[in-house]
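Me: I would like a close look at a single part of this chain, set into the context of the rest. Please take the sequence and the model shown here as the starting point.

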Amino acid sequence: MRIKYVVDLNILKSEIERKGIQSVEELSRKSRINESQLMRVLNGKQMPAMDEMVELVSVLDLSPEKAKEIFFKSIMRDTYKKEGKYGEGKSNC
């Protein structure tokens, strides 16, 4: 079974705000990520490439844990949690 990952845009945007970055243009300049590409990522249309993730982690001064929370949110894990099939500690015995 393949697990799909998505960017947690809510956390990413709150980290951008926390850092005091006012616009996509400013984030683009600081991260050296093309503004159009950055817009696609921030609008949830495209996953960032690994080098773009590294740049964003650096510019936003993210901890490894926070970076994982933002860039490697698993849809499958969340689906299982919602259905009560993952992480609940329940036993079927």
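What covers the buried residues of α3? Please begin there, and then work outwards to the loops, the charged pairs and the surface.

Reply: The model is a predicted one, and the answer should be read with that in mind. The cover over the buried residues of α3 includes α1, α2 and α4. The helix itself runs over residues 35-42, and within α3 the buried residues are Q37, L38, V41 and L42. Viewed down the axis of α3, these buried residues fall within an arc of 135°, so they line one face of the helix.

The two ends of α3 each have a local feature. At its start, a side-chain oxygen of N34 comes to within 2.8 Å of the backbone nitrogen of S36. Just after α3, G44 adopts a positive phi of about 75°.

To place α3 in the whole, the protein chain has 6 helices and 2 strands, and their order along the sequence is β-α-α-α-α-α-β-α. Of the 93 residues in the protein chain, 29% are buried. Among contacts between residues at least 6 apart in sequence, 59% join residues at least 24 apart. The accessible surface of the protein chain amounts to about 6700 Å², and carbon and sulfur atoms account for 48% of this area.

The loop that leads into α3 from α2 contains R32, where phi is near 60°, a positive value in a residue other than glycine. R32 is exposed, its relative accessible area being 65%. A further case of positive phi is D61, with a value near 55°, again in a residue other than glycine. D61 is placed in the loop between α4 and α5, and with a relative accessible area of 56% this residue is exposed.

On the other side of α3, the loop between α3 and α4 (50-60) holds M47. M47 is partly exposed, with a relative accessible area of 35%, and this residue belongs to a nonpolar patch on the surface that also takes in Y5, M50, V54 and F72. Together the residues of the patch have about 470 Å² of accessible area. A patch of this kind admits residues with over 30% relative accessible area, and M47 can therefore be included at its 35%.

The charged pairs come next. Side chains of opposite charge can pair when their charged atoms come close. The count for this model comes to 5 salt bridges, and three of the pairs can be described in detail, beginning with K30 and E26, then E69 and K66, and lastly K73 and D8.

In α2, one of the helices over the buried residues of α3, the side chains of K30 and E26 meet in a salt bridge with an N to O distance of 3.1 Å. Both residues belong to helix α2 (residues 24-31), and because they are 4 residues apart there, about one helical turn separates them. The burial of the partners can be set side by side: K30 is partly exposed at a relative accessible area of 45%, whereas E26 is buried at 15%.

In helix α5 (residues 64-71), E69 and K66 lie 3 residues apart, about one turn of the helix, and their side chains meet in a salt bridge at 3.5 Å, N to O. Here E69 counts as partly exposed, at 40% relative accessibility, and K66 is also partly exposed, with a relative accessible area of 25%.

The remaining pair is formed by K73 and D8, whose closest N and O atoms are 4.0 Å apart. This salt bridge links distant parts of the chain, since K73 is in strand β2 (residues 73-74) and D8 is in the loop between β1 (5-6) and α1 (9-18), with their positions 65 residues apart in sequence. K73 is partly exposed, with a relative accessible area of 30%, while D8, at 14% relative accessibility, counts as buried.

Returning to α3, the picture is of a helix whose buried residues line one face, with α1, α2 and α4 included in what covers them. The helix is preceded by the loop that holds R32 and followed by the loop that holds M47.

Notes. Residues numbered from 1 in each chain as written. Predicted model: local features only at pLDDT ≥ 70, side-chain atom pairs only at ≥ 80, totals over all residues. Heavy atoms only, no water. Patch = residues over 30% accessible without salt bridge, like charges linked within 9 Å, V, L, I, M, F, W, Y side chains within 5 Å. Areas by Shrake-Rupley, 256 points an atom, 1.4 Å probe, with all protein chains shown as cover. Buried < 20%, exposed > 50% of the residue type's maximum accessible area, 1.4 Å probe, protein only. Contact = heavy atoms within 4.5 Å. Arc of directions from axis to C-beta. Polar contact = N/O pair within 3.5 Å; in protein donor to acceptor, adjacent residues only side chain to side chain.
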